[in-house]
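Work through the following exercises with the model open in a viewer. Each task is followed by a solution in steps.

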Amino acid sequence: MLKYRLVQDNRSNANNKGYWFARAVVENTLTLEDLARHMADHNTPFSEGVIKGILTDMVNCIRELALEGKAVKIPNFAIFSIGLKSTGAPTVKDFTAVKNITAFRLRSRATGVFTRQQLKQAAHVREQAFYDVKPEEGSGEGGDQQEP
């Protein structure tokens, strides 16, 4: 079950200023060890340690391959690759990587049974139970409320 919280858009330049929006609540972040333990608990013949080693190698290999400009597809989950952001240059001669490339991003695109449409069908949501301040219609309060 995915939880969400309500957040009011109070940015002065927002087109939807004052409107309320749902934001996903991430309750905790699992480590690689937590993932390995979870996987080992699913009736696998492999121990938590073996799984953790394989996952550690997988992460390192995905990082290495992505930095080589390759995309790595994990079926029914995501395709990982590196993207970049740049500013324009008036001519090809004026473009330099140092001056015009401004950021790098790790990209992930859903694939297979993990597509947007599949997520829409499979995901179940409910509002988070607790807020620091309960959002009220038109109160102007809200912003980025957190669970206590």
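**Exercise 1. Contacts of a loop lysine**

Task: Find which residues Lys-17 touches, leaving out those up to four places away in sequence. Then place Lys-17 in the fold and classify its exposure.

Solution. This is a predicted model.
- Step 1. Lys-17 touches Asp-9, Asn-10, Arg-11 and Ser-12, once residues up to four places away in sequence are set aside.
- Step 2. Lys-17 sits in the loop between β1 (2-8) and β2 (20-25).
- Step 3. The relative accessible area of Lys-17 is 45%. Buried needs under 20% and exposed needs over 50%, so a value in between means partly exposed. Lys-17 is therefore partly exposed.
- Step 4. Look for a polar partner. A polar atom of the Lys-17 side chain lies 3.5 Å from the backbone oxygen of Asn-10.

**Exercise 2. An aspartate in the loop between β1 and β2**

Task: Decide whether Asp-9 is buried or exposed. Then identify its salt-bridge partner.

Solution.
- Step 1. Asp-9 is placed in the loop between β1 and β2.
- Step 2. Its relative accessible area is 11%. The limit for buried is under 20%, so Asp-9 is buried.
- Step 3. List the contacts beyond four places in sequence. Asp-9 touches Ala-14, Asn-16, Lys-17, Gly-18, Tyr-19 and Phe-21.
- Step 4. The side chain of Asp-9 meets that of Arg-11 in a salt bridge, at 2.8 Å from N to O.
- Step 5. Check the partner. Arg-11 has a relative accessible area of 52% and is exposed. The bridge between Asp-9 and Arg-11 thus has a buried acid and an exposed base.

**Exercise 3. A salt-bridge network**

Task: The structure holds 6 salt bridges. Trace the network that includes Arg-37.

Solution.
- Step 1. Start with Asp-34. Its salt bridge with Arg-37 has its closest N and O atoms 3.0 Å apart.
- Step 2. Explain the spacing. Arg-37 and Asp-34 are 3 residues apart in helix α1 (residues 32-40), so about one helical turn separates them.
- Step 3. Compare exposure. Arg-37 has 38% relative accessibility and counts as partly exposed. Asp-34, at 23%, also counts as partly exposed.
- Step 4. Turn to the other bridge of Arg-37. Its side chain meets that of Glu-48 at 3.6 Å, N to O.
- Step 5. Place the ends. Arg-37 lies in helix α1 and Glu-48 in helix α2 (residues 48-67), so this pair ties together parts 11 residues apart in sequence.
- Step 6. Glu-48 counts as partly exposed, at 32% relative accessibility.
- Step 7. Join the pieces. Asp-34, Arg-37 and Glu-48 form one network through salt bridges that share partners.

**Exercise 4. A nonpolar patch**

Task: Name the residues that make the nonpolar surface patch of about 570 Å². Then find which elements give two or more residues to the patch.

Solution.
- Step 1. The patch is made by Leu-67, Ile-82, Leu-84, Phe-104 and Leu-106.
- Step 2. β4 (78-86) and β5 (101-110) are the elements that give two or more residues to the nonpolar patch.
- Step 3. Take Ile-82 as a check. Ile-82 is in strand β4.
- Step 4. Ile-82 has a relative accessible area of 34% and is partly exposed. A patch residue needs over 30%, so Ile-82 passes on that count.

**Exercise 5. An asparagine in a short segment**

Task: State where Asn-100 lies, whether Asn-100 is buried or exposed, and which residues Asn-100 touches.

Solution.
- Step 1. Asn-100 is found in helix α3, which covers residues 97-100.
- Step 2. With a relative accessible area of 3%, Asn-100 is buried.
- Step 3. Beyond four places in sequence, Asn-100 touches Lys-85, Ser-86, Thr-87, Gly-88, Ala-89, Asp-94 and Phe-95.

**Exercise 6. The whole chain**

Task: Give the order of the elements from the N terminus. Then describe the burial and surface of the chain.

Solution.
- Step 1. Count the elements. The chain has 4 helices and 6 strands.
- Step 2. From the N terminus, the order is β-β-α-α-β-β-α-β-α-β.
- Step 3. Of the 148 residues in the chain, 18% are buried.
- Step 4. The accessible surface is about 11500 Å², and carbon and sulfur atoms account for 55% of that surface.
- Step 5. Take the contacts between residues at least 6 apart in sequence. Among them, 41% join residues at least 24 apart.

Note on methods
Residues numbered from 1 in each chain as written. Predicted model: local features only at pLDDT ≥ 70, side-chain atom pairs only at ≥ 80, totals over all residues. Heavy atoms only, no water. Buried < 20%, exposed > 50% of the residue type's maximum accessible area, 1.4 Å probe, protein only. Contact = heavy atoms within 4.5 Å. Polar contact = N/O pair within 3.5 Å; in protein donor to acceptor, adjacent residues only side chain to side chain. Areas by Shrake-Rupley, 256 points an atom, 1.4 Å probe, with all protein chains shown as cover. Patch = residues over 30% accessible without salt bridge, like charges linked within 9 Å, V, L, I, M, F, W, Y side chains within 5 Å. Salt bridge = Lys/Arg side-chain N within 4 Å of Asp/Glu carboxyl O.
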